[in-house]
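Please take a moment with the sequence and the model shown here, and then follow the paragraphs below through it.

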Amino acid sequence: MNIIVLNKLVFILLLLMAPSFAAAAPMRIQATATSAGHAVLELQTDELVTMTAIPFRLLINDASGKPLNGAKVSCEMTMPSMPMPDSRPKVVERDGAYAGVMIFTCAMGAWQINCLAEKPDGSRQSMTFAIEKVRMK
């Protein structure tokens with residue numbers, strides 16, 4: 001059997017096996033504080049690692065439990081135990097949630113993610129998420 005045929009067979013076997021390799025479920029973090037309603041931060045990774053782009057989705061429900069749509073959402077990443085440079089990931093509304101990419105720059109303590117949703121009616125909803133541990137890359 002020549003090397004080209006063997007490579008094709010290996011490729012086909014990998015394709016057939018691919019469905020058995022399930023993607024990691026996102027990390028889901030409930031807001032530890034919110035001014036109204038309910039919020040969940042979904043980090044699209046199975047482990048938080050420094051200097052790694054981590055996509056996220058922010059699912060926000062208003063006080064009546066309905067998904068919040070049409071808000072302008074901003075987030076700020078801080079480390080309460082030490083001063084850090086400003087870190088404000090861009091957030092866009094997408095598929096019934098708010099999405100962006102976070103990069104944790106330090107593994108020397110806990111992180112806090114503070115988000116603010118400015119609703120179409122002018123009211124605001126604030127949310128705080130606690131991140132206990134990030135691993136050094």
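The paragraphs that follow deal with several strands, then with a pair of aromatic rings, and lastly with two residues in loops.

The model is a predicted one, and a convenient place to begin is strand S4, which covers residues 54-61. Its covered face consists of Ile54, Phe56, Leu58 and Ile60, while Pro55, Arg57, Leu59 and Asn61 make up the uncovered one. This arrangement can be read against a general rule, namely that in a regular strand the side chains alternate between the two faces of the sheet. Strand S4 has an antiparallel pairing with S3, made over 6 bridges, and within that pairing Leu59 of S4 has Val40 opposite. Strand S4 also pairs in the antiparallel sense with strand S7, residues 97-102, here over 5 bridges, and Arg57 stands opposite Ala99 of S7.

Strand S5, which spans residues 72-78, likewise has a covered face, formed by Val73, Cys75 and Met77, and an uncovered face with Lys72, Ser74, Glu76 and Thr78. The strand that runs antiparallel to S5 is S8, and 7 bridges join the two. Cys75, which belongs to the covered face of S5, stands opposite Cys115 in S8.

How many aromatic pairs does a search of the whole structure find? The search finds 1. The pair is made by Phe104 and Trp111, whose ring centres are 5.3 Å apart and whose planes meet at 80°, so the pair counts as edge-to-face. Phe104 and Trp111 are both buried.

Strand S8, residues 111-118, is followed by a loop that leads to strand S9, residues 124-131, and Lys119 is located in this loop. Although Lys119 is buried, it has no salt bridge, and the nearest side chain of opposite charge, that of Asp62, is 6.0 Å away; a salt bridge would require the charged atoms to lie within 4 Å. The side chain of Lys119 does make a polar contact of 3.5 Å with the side chain of Gln125. When neighbours within four places in sequence are left aside, the residues in contact with Lys119 are Asp62, Leu68, Ala71 and Gln125.

Is Asp46, another loop residue, buried or exposed? Asp46, found in the loop between strands S3 and S4, has a relative accessible area of 60% and is therefore exposed, since the cut-off for that term is over 50%. Along the chain Asp46 and Pro26 are 20 residues apart, and their C-alpha atoms are separated by 6.3 Å.

Note on methods
Residues are numbered from 1 along each chain as its sequence is written. This is a predicted model: local features need pLDDT of at least 70, side-chain atom pairs count only at pLDDT 80 or more; totals for chains, interfaces and linings use all residues. Side-chain values use heavy atoms; hydrogens and water are left out. Helices (H or I, at least four residues) and strands (E, at least two) are DSSP runs, numbered from the N terminus. Buried means under 20% relative accessible area, exposed over 50%, partly exposed in between (1.4 Å probe, protein chains only). Lys and Arg count as positive and Asp and Glu as negative; His and the chain ends are not counted. A polar contact is a pair of N or O atoms within 3.5 Å; within protein, one must be able to donate a hydrogen and the other to accept it, and residues adjacent in sequence count only if both atoms are side-chain atoms. Contact means heavy atoms within 4.5 Å. Rings of Phe, Tyr and Trp (its six-membered ring) pair if their centres lie within 6.5 Å; planes under 30 degrees apart count as stacked, over 60 as edge-to-face and the rest as tilted. Two strands pair if DSSP finds at least two bridges between them.
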